[in-house]
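Reader: Please give me a close look at one part of this model, residue by residue where possible. Then set that part against the rest of the chain.

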Amino acid sequence: SCGAEKNMADITQMQPELSQMKAISELATMECYYHNVAKLTKEKEVLWWDTSAELWIEYSGIVKLGVDIANLDMQVDGDQVTITMPKAEVLSCQVDQTSLNEDSYYTTREGLGAEKINADDQTEAIKTAQENMLENVQSDESLLQQAQQRAQELLEQYVKNVGDAMGKTYEVSFVIADEAGTNTVSTDAVSYTHLTLPTKLE
């Protein structure tokens with residue numbers, strides 16, 4: 001009977017925990033996969049004629065969207081649970097290095113004395129590709145709304161499951177960071193991957 005009393009005490013003390021909510025928010029992260037071609041052009045005037053060199057890279061990329069858990073907060077007041085969270089945003093934007101091989105890129109040169117495509121040009125093309133992926137996702141409100149809704153649904157379900165275990169019904173409300181007067185994390189912090197491509201330059 002002592003064990004039963006201890007279990008009842010544990011259940012009575014249960015309530016939603018912020019640490020668990022942060023773990024759930026991480027699980028709620030959405031991944032979007034992209035397949036595209038990046039292009040870089042180098043133009044230069046040599047003597048009396050124009051020259052150009054172009055690089056095309058076919059790549060796959062992964063963009064992760066979700067809620068920044070550093071700005072997640074919660075308050076419990078009786079049966080009322082208020083969750084403060086930022087808007088969903090882009091958490092990372094990277095080209096999948098495993099999608100790159102010797103057949104992933106193609107170069108052309110026109111004009112006598114045209115510059116060669118070098119490793120720095122490859123890096124710049126990949127960075128441009130990642131920036132394009134980022135811009136595409138940031139301009140797609142439906143994707144960001146899906147990520148927001150997914151996080152809120154999982155958090156609300158977690159709170160209700162805790163309530164069910166206690167025989168209690170929680171009312172859950174959300175306050176989005178902008179409405180709370182706080183700032184969302186800037187997507188300028190998105191990380192860009194530095195890739196080493198196969199050496200097959202003309």
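Author: In helix α3, the buried residues (under 20% relative accessible area; exposed is over 50%, partly exposed in between; 1.4 Å probe, protein chains only) are Asp121, Gln122, Ala125, Ile126, Ala129, Gln130, Met133, Leu134 and Val137. The model is a prediction, in which local features need pLDDT of at least 70 and side-chain atom pairs count only at pLDDT 80 or more, while totals for chains, interfaces and linings use all residues. Numbering starts from 1 along each chain as its sequence is written, and side-chain values use heavy atoms, without hydrogens or water.

Helix α3 covers residues 119–138, which is 20 residues. From first to last C-alpha, α3 reaches 29 Å, close to the 28 Å expected at 1.5 Å a residue (the expected span is 1.5 Å times one less than the number of residues). Helices here are DSSP runs of H or I with at least four residues, and strands are runs of E with at least two, numbered from the N terminus.

Ahead of α3, asparagine 118 sits in the loop that links β6 (105–110) to the helix. Asparagine 118 is partly exposed because its relative accessibility is 32%. Its C-alpha is 9.8 Å from that of leucine 55, although 63 residues separate the two along the chain.

One of the buried residues of α3, Ala129, can be placed relative to strand β1. Its C-alpha lies 9.9 Å from the C-alpha of leucine 40, 89 residues away in sequence. Leucine 40 belongs to β1, residues 30–46, and counts as buried because its relative accessible area is 12%. Strand β2, residues 49–66, holds serine 52, which is buried because its relative accessibility is 16%. The C-alpha atoms of serine 52 and lysine 42 are 5.4 Å apart, with their positions ten residues apart along the chain.

Helix α4 (residues 141–166) offers a second case for the length check. Its 26 residues should span 38 Å at 1.5 Å a residue, and the end C-alpha atoms are 38 Å apart, so the two values agree. Buried in α4 are Leu143, Leu144, Ala147, Gln148, Ala151, Leu155, Tyr158, Val159, Val162, Gly163 and Met166. Gln148 is on that list because its relative accessible area is 11%. Beyond its neighbours within four places in sequence, Gln148 is in contact (heavy atoms within 4.5 Å) with Met85, Pro86, Lys87, Ala88 and Ile176.

Helix α4 also packs against helix α2 (residues 18–27): the two axes come within 9 Å and cross at roughly 145°. The axes are lines fitted to C-alpha atoms over the stretch in contact, and the angle runs from 0 to 180 degrees between N-to-C directions. The crossing is right-handed, the near helix being turned clockwise from the far one by less than a right angle (anticlockwise would be left-handed). On the α2 side the contact is made by Gln20, Met21, Ile24, Ser25 and Leu27, and on the α4 side by Arg150, Leu154, Leu155, Tyr158 and Val159. By class, these residues comprise seven nonpolar, two polar and one charged.

Just past the end of α4, glycine 167 has a positive phi of about 70°. Lysine 168 follows in the loop between α4 and β7 (171–176) and is partly exposed because its relative accessibility is 28%. Apart from residues up to four places away in sequence, lysine 168 touches Gly78, Asp79 and Gly163. The C-alpha atoms of lysine 168 and glutamine 15 are 10.0 Å apart, with the two residues 153 positions from each other along the chain.

For the chain as a whole, there are four helices and seven strands, in the order α-α-β-β-β-β-β-β-α-α-β. Of the 202 residues, 35% are buried. Among contacts with a separation of 6 or more, 80% join residues 24 or more positions apart. The exposed area is about 12,100 Å², and carbon and sulfur atoms supply 46% of it (Shrake-Rupley method, 1.4 Å probe).

Note on methods
Nonpolar A, V, L, I, M, F, W, Y, C, P; charged D, E, K, R; others polar.
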